[in-house]
Amino acid sequence: MRRPLIAGNWKLHCGPSEARKLALEIRNGLMGRRDAVDVLLCPPCVSLAAVGEIVQGSGIALGAQNVFWETSGAWTGEVAAPMLVDAGCGWVILGHSERRQHFGESNASVARRLRAALAAGLECIVCVGETLEERESGATERVVTTQVREGLDALDAGDWARVTLAYEPVWAIGTGRTATPEQAQEVHALLRDLVGQRAGAGVAQQTRIQYGGSVKPANAATLLGQADVDGALVGGASLDASAFLAIVEAAAVTPA
Ligand code: PGA
């Protein structure tokens with residue numbers, strides 16, 4: 001039985017004061033729902049400490065939106081995995097399509113970040129997903145297979161316990177356009193199969209695969225009701241405490 005993981009990716013929103021307020025609303029609204037669902041908040045780095053103070057002792061996990069692969073040195077502007085741990089993070093998001101699209105991150109760089117994050121003891125959400133052009137040309141399977149092969153093949157079976165995959169079709173992110181539950185399930189099943197080929201069927205059954213891309217309270221239940229959808233990576237709707245809480249509630253009551 002895989003516990004659903006609902007993660008809020010706040011992207012470039014919420015400096016410390018706003019972040020504190022949003023985290024507090026989420027923490028207070030979550031009372032009693034943490035038994036069925038894992039909840040993770042990923043604010044911008046500058047707000048990690050503020051959110052960390054609010055969620056401390058609540059069971060809500062804290063994560064960053066990216067990490068660099070070196071642990072220290074002359075790398076202006078970067079943040080290292082041990083620093084995230086020191087700042088109270090237990091998680092990091094890797095390979096988000098906005099990092100790939102706007103900052104030139106590749107599958108190879110995702111692999112390096114992943115190794116560094118795991119070495120520091122972080123749990124990782126690794127994002128994969130195709131663009132609209134790739135979907136329309138029938139390349140979805142090839143694209144996500146390559147992303148898994150090049151991004152995650154260095155993992156050993158034990159590492160998978162700390163890896164969550166997120167299927168995020170690029171055409172659904174921030175567009176209000178969601179994959180249909182069938183489209184999501186099809187790719188999630190493929191991803192589970194790819195994990196099975198690498199780490200064995202047992203590990204594949206334990207590995208959580210989140211869906212991301214315009215998840216809202218109105219569509220959460222049908223997406224989360226798919227057999228291989230084990231949670232959601234939520235962008236826009238995670239900035240509204242009541243919308244985010246409604247998605248957590250959907251995960252708590254929806255049998256996968
Ligand atoms: P969205 O973002 O929910 O705003 O589409 C999801 C994501 O980028 O993780």
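Trainee: How many helices and strands are there in the protein?

Mentor: Helices (H or I, at least four residues) and strands (E, at least two) are DSSP runs, numbered from the N terminus. In this protein you will find eleven helices and eight strands. Keep in mind that this is a predicted model, where local features need pLDDT of at least 70, side-chain atom pairs count only at pLDDT 80 or more, and totals for chains, interfaces and linings use all residues. Residues are numbered from 1 along each chain as its sequence is written, and side-chain values use heavy atoms, with hydrogens and water left out.

Trainee: What is the radius of gyration of the protein?

Mentor: This value is taken over C-alpha atoms, and the globule rule to set beside it is 2.2 Å times the number of residues to the power 0.38. Here the radius of gyration is 17 Å, close to the 18 Å that the rule gives for 256 residues, so the protein is as compact as a globular protein of that length. Along the principal axes, its C-alpha atoms fill a box of roughly 45 × 45 × 35 Å.

Trainee: Which residues of helix 2 are buried?

Mentor: Buried means under 20% relative accessible area (1.4 Å probe, protein chains only). Of the 256 residues of the protein, 53% count as buried. In helix 2, the buried ones are Leu-48, Ala-50, Val-51, Gly-52, Ile-54 and Val-55. That makes six of the eight residues of helix 2 (residues 48-55), so this helix is largely enclosed by the rest of the structure.

Trainee: What do the buried residues of helix 2 pack against?

Mentor: Think of contacts, which means heavy atoms within 4.5 Å. The partners are helix 1 (16-29), strand 2 (38-42), strand 3 (61-64) and helix 3 (81-86). Just after helix 2, look for Gly-57, which takes a positive phi of about 80°.

Trainee: Now the ligand. How many residues surround it?

Mentor: A residue is near a molecule if one of its heavy atoms lies within 4 Å of it. There are 13 around this ligand, and the closest are Lys-11, His-96, Glu-168, Gly-174 and Ser-214.

Trainee: Which side chain has a polar atom 2.6 Å from an oxygen atom of the ligand?

Mentor: A polar contact is a pair of N or O atoms within 3.5 Å. The side chain you want belongs to His-96. The side chain of Lys-11 has an N or O atom 2.8 Å from a ligand oxygen, while Gly-235 uses a backbone N or O atom, 2.9 Å from an oxygen of the ligand.

Terms used:
Polar contact = N/O pair within 3.5 Å; in protein donor to acceptor, adjacent residues only side chain to side chain. Buried < 20%, exposed > 50% of the residue type's maximum accessible area, 1.4 Å probe, protein only.
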